[in-house]
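Here's an informal walk through one protein chain and its pockets. Have the structure open while you read.

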Amino acid sequence: MAEVLLGVSGGIAAYKAIDVLRLLQKDGHRVRVVMTRSAQRFVGPATFAALSGRDVGLSLFGDETAPDYRHLEYAREAEVMLIAPATANTIARLAHGMGDDLLSSVALAYPGPVMVAPAMNTRMWEHPATRANLATLEARGATIVPPGHGVLADGDVGAGRLASPADIVAAVAAHRPGGDLFGRRVVITAGGTREPLDAVRYLGNRSSGRMGWALAHDARNRGATVTVLAANVDLPRDEGVTYHDAATAEELGRVARAAWNDADVMIMCAAVADYRPRAVADGKIDKSGAPELTIALERTEDILARLGELPRGGRVLVGFAAEAGEDGLRRARDKRLRKNADLIVHNDISRAGTGFGSEENAVTLISSRGETESGLRSKRECARLILDEVRGLLGETAAE
Ligand code: CTP
């Protein structure tokens with residue numbers, strides 16, 4: 001989680017910087033806002049002060065009877081410098097190294113490459129001066145989060161609309177080589193498999209995919225290269241994460257085994273069917289007056305156990321144990337040993353307000369390093385704890 005300096009310059013898109021700030025905070029970043037003078041005509045500094053909980057930088061000059069080096073302090077404390085929205089004028093001033101206000105002075109003093117999310121009218125965006133200024137910034141290592149296409153504030157249609165706050169925040173995550181999972185390839189299965197009975201029916205389960213999604217989001221934010229193997233998940237997908245769909249236990253097993261070689265971490269979060277119908281009926285099974293129907297089921301492969309048998313080679317293998325009741329924890333401990341996983345995430349599905357479909361979870365992490373109980377938390381916070389443990393286990397395998 002980083003200390004982000006969010007520069008806001010003066011265009012109508014300045015109000016969208018409020019969403020950028022909120023999403024950055026949601027991802028655990030601390031944010032300091034610096035506004036240009038014209039940005040203050042679009043959004044009041046009090047909004048950013050209240051939401052960020054910190055002073056907002058407005059001017060190079062404060063109390064002139066005291067020394068003031070805030071541009072240097074802000075540049076020193078920032079781990080990421082993001083300007084969103086960046087107007088054509090601000091981009092020009094950055095490209096030319098001007099330091100005539102607080103934001104441009106912080107940019108001059110900031111040692112790393114800046115991130116710039118431009119927003120302006122299409123004609124300004126396409127002007128050769130803007131093109132040249134952006135090329136200059138890119139040549140210096142700046143990351144440009146390109147604007148989208150659409151109807152602009154003045155009714156024109158074209159390029160120049162500020163990228164969505166979600167895309168900007170995803171770019172911040174991808175930009176940060178400092179994340180503690182940077183360079184690690186993390187594969188996560190998510191959702192629940194569906195085993196077809198006939199052309200229209202299936203045997204399924206109630207897993208929503210939320211826990212796997214939260215893990216993917218946090219792993220991406222920590223710098224990992226993330227692949228999600230999704231079993232029937234209907235949730236919005238994150239920028240910067242690769243998704244493959246696999247509907248049945250067999251398909252999921254196939255893609256998980258294929259992903260194993262290139263993975264540093266494999267998290268088996270999906271609820272996988274233990275049995276599937278032995279035969280899938282053609283068309284639709286009709287009642288034809290039968291009072292009962294018996295469906296023969298056969299075992300599916302236990303993907304986690306199968307992966308657990310493969311040479312580990314420094315990988316970290318994580319399984320989940322959805323268990324109900326008193327004896328659940330003991331069964332989860334046993335599952336870790338039986339399936340040869342490095343970490344088992346136990347969740348008690350008999351506890352109200354947790355698990356399938358809900359936003360919250362309460363997990364116990366069982367690994368060779370010991371046991372940790374999370375208490376009731378959001379799935380996002382659970383994801384963070386799980387990845388903290390994974391990080392620790394990766395550290396151990398690296399040290400071996
Ligand atoms: N799992 C799997 N393949 C299966 C079934 C389960 O990989 N065919 C994985 C799940 O992704 C999860 C873990 O095994 O990480 C535990 O799943 P759970 O349903 O709680 O346990 P079971 O495997 O059914 O437990 P047991 O083996 O004790 O029956």
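What follows is a look at the overall chain and then at its two main pockets.

Keep in mind that this is a predicted model. The protein chain carries 14 helices and 19 strands, and its C-alpha trace spans about 85 × 50 × 40 Å along the principal axes. Of its 400 residues, 49% count as buried. As for the outside, the accessible surface comes to about 19,000 Å², and 50% of that belongs to carbon and sulfur atoms. Sequence-distant pairings show up in the contacts too: taking those between residues at least 6 apart in sequence, 67% join residues at least 24 apart.

Now for the pockets. Here are the basics of the two, side by side.

| Pocket | Volume | Lining residues | Lining by class |
|---|---|---|---|
| Largest pocket | about 830 Å³ | 40 residues | 16 nonpolar, 14 polar, ten charged residues |
| Second largest pocket | about 630 Å³ | 21 residues | eight nonpolar, two polar, eleven charged residues |

Let's take the largest pocket to begin with. Which residues lie nearest its centre? They are Ala270, Ala271, Val272, Phe320 and Ala322. If you'd like to trace the walls by element, helix H10 (210–221), helix H12 (303–309), strand S16 (316–323) and helix H13 (328–338) each supply at least two residues of the lining. S16 gives the most, with four residues. By class, the lining of this pocket has 16 nonpolar residues alongside 14 polar and ten charged ones.

On to the second largest pocket. Nearest its centre you'll find Lys26, Trp213, His217, Asp238 and Arg380. Which element makes up the largest share of this lining? That's H10, with five residues. Helix H1 (17–26), helix H9 (165–175), H10 and helix H14 (379–399) each put in at least two residues. So much for the elements; the domains are worth a look as well. The lining draws at least three residues from each of domain 1 (3–174) and domain 2 (185–399). Its class breakdown runs to eleven charged residues, eight nonpolar and two polar.

One element is worth picking out in the viewer before you finish. H10 supplies at least two residues to the lining of the largest pocket, and H10 also gives the second largest pocket its largest share of lining residues.

Definitions and conventions
Residues numbered from 1 in each chain as written. Predicted model: local features only at pLDDT ≥ 70, side-chain atom pairs only at ≥ 80, totals over all residues. Heavy atoms only, no water. 1 Å grid on protein atoms, 1.4 Å probe; cavity = no way out; pocket = protein on both sides within 12 Å on 5 of 7 lines; lining within 4 Å. Points joined across faces, edges and corners; volume = space filled by probe spheres on them. Nonpolar A, V, L, I, M, F, W, Y, C, P; charged D, E, K, R; others polar. Domains from an automatic or database assignment. Buried < 20%, exposed > 50% of the residue type's maximum accessible area, 1.4 Å probe, protein only. Contact = heavy atoms within 4.5 Å. Areas by Shrake-Rupley, 256 points an atom, 1.4 Å probe, with all protein chains shown as cover.
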